[in-house]
Amino acid sequence: MRTHAIIFPFELFGNGGTGAGAQLLGDVLREMVDDGEKESRTTRSSAYRDKLRVKEFGFETLEEVANWRSTGRAAVKKSLAAKDFLLWLGGNHLSALPVYEELGADTLVIQFDAHLDIYNLHDCTSELSHGNFLLHAEKPLPRVVNIGSRDLFLSAKHVGRTYEKVFPAAAVATNLAGVIAECVQRAGSAKQIWIDIDVDVIDPAFCPAVHQPLPFGLMPMQLLAVLEAIWSEKVIGVSIVEFDPGRDTGDTSLNLLGWLLEWLLLKHHE
Ligand SMILES: [Mn+2]
């Protein structure tokens with residue numbers, strides 16, 4: 001099975017600068033392939049090198065911007081129909097909306113995010129944005145399970161309308177094994193699984209390159225432990241969003257995300 005990496009640097013309506021993050025992660029992918037090709041000995045990257053296709057979208061013209069959502073949905077649809085493993089490297093979290101809209105109700109999304117993107121508070125726009133896009137998604141939504149929320153505002157009733165389950169940061173901190181066990185159990189009843197990573201789920205000490213850093217985030221090892229445990233043939237793709245390299249310190253976040261990208265490719269292809 002091939003991997004189709006789609007660079008989708010959409011960053012309007014919140015957190016401008018994250019489009020450059022998507023493009024940079026695209027460069028990382030190309031560099032990984034180029035590095036491997038220079039080796040005369042077999043390296044682990046030979047498992048994915050010939051199976052990786054990278055397609056990059058741009059949002060430079062009015063037309064490209066106006067059609068962003070339909071362009072995104074068409075790209076997701078085509079990739080899913082081809083049974084490609086889909087790596088969606090997006091700008092802000094809104095850039096993942098076309099993915100959510102194409103997955104369908106029998107898909108389980110394991111979403112890593114510090115924020116629950118259903119904000120309807122007085123200081124939030126009611127128009128579509130990176131902070132409320134799940135409220136605007138065309139139905140049916142996939143089943144969504146959040147891991148790593150640090151939300152302290154939204155009522156359980158409001159959250160329950162969109163999220164099947166939320167495992168806040170405190171649950172991860174006190175009972176990681178229990179969180180993993182319940183995720184694995186929920187995955188059992190899903191036809192397919194999508195993994196959506198808003199990089200602000202990671203503690204800002206390890207991934208500072210985000211616009212809304214929140215303390216008490218996941219440690220990279222905890223993220224890795226959950227990914228390792230829920231991984232199966234049912235995982236059809238992964239999205240990574242909200243990385244703004246302009247806010248990075250000493251490439252800390254870039255190194256972390258670059259490593260994670262390569263790990264994901266090996267996980268799928270080896
Ligand atoms: Mn988010």
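What follows is a walk through a predicted model, from the chain as a whole to one pair of helices and then to two buried residues.

At the level of the whole chain, the secondary structure comes to 10 helices and 8 strands. The radius of gyration is 17 Å, close to the 18 Å that the globule rule gives for 270 residues, so the chain is as compact as a globular protein of that length. Taken along the principal axes, the box filled by the C-alpha atoms is roughly 55 × 45 × 40 Å, and 44% of the 270 residues count as buried. Among contacts with a separation of 6 or more, 76% are accounted for by residues 24 or more positions apart in the chain.

Two packed helices are described by the angle between their axes and the distance between the axes. For helix α8, which covers residues 176–188, and helix α9, which covers residues 220–230, the angle is about 30° and the axes lie 9 Å apart. Because angles under 35 degrees count as roughly parallel, α8 is described as roughly parallel to α9. The crossing in which α8 passes α9 is right-handed. On the α8 side, the contact is made by Leu176, Ile180, Cys183, Val184 and Ala187, while α9 contributes Gln222, Ala225, Val226, Ala229 and Ile230. Sorted by class, this contact of α8 with α9 has 9 nonpolar residues and 1 polar residue, with no charged residues.

Turning to single residues, Asp198 has its place in strand β7, which spans residues 192–198. Asp198 has 26 other C-beta atoms within 10 Å and is therefore buried, since the cut-off for a buried residue is 20 or more. Once its neighbours within four places in sequence are left aside, Asp198 is in contact with His93, Phe112, Asp113, Ala114, Val241 and Glu242. Ser40, by contrast, is 158 residues from Asp198 in sequence and 37 Å from it in space, C-alpha to C-alpha.

Thr18 belongs to helix α1, which runs over residues 18–37. Thr18 too is buried, because 30 other C-beta atoms lie within 10 Å. Apart from its neighbours within four places in sequence, Thr18 is in contact with Glu11, Gly91, Asn92, Val241, Glu242, Phe243 and Asp244. Val241 and Glu242 thus appear in the contacts of Asp198 and also in those of Thr18. Lys139 lies 121 residues from Thr18 along the chain, and the C-alpha atoms of Thr18 and Lys139 are separated by 26 Å.

How values were computed
Residues numbered from 1 in each chain as written. Predicted model: local features only at pLDDT ≥ 70, side-chain atom pairs only at ≥ 80, totals over all residues. Axes fitted to C-alpha atoms, helices over the stretch in contact; angles between N-to-C directions. Helix = DSSP H or I, 4+ residues; strand = E, 2+ residues; numbered from the N terminus. Parallel < 35°, antiparallel > 145°, perpendicular 65-115°, else oblique. Left-handed = near helix turned anticlockwise from the far one by under 90°. Contact = placed C-beta atoms within 7 Å. Nonpolar A, V, L, I, M, F, W, Y, C, P; charged D, E, K, R; others polar. Rg over C-alpha atoms; globule rule 2.2 N^0.38 Å. Buried ≥ 20, exposed ≤ 12 C-beta atoms within 10 Å, placed from the backbone.
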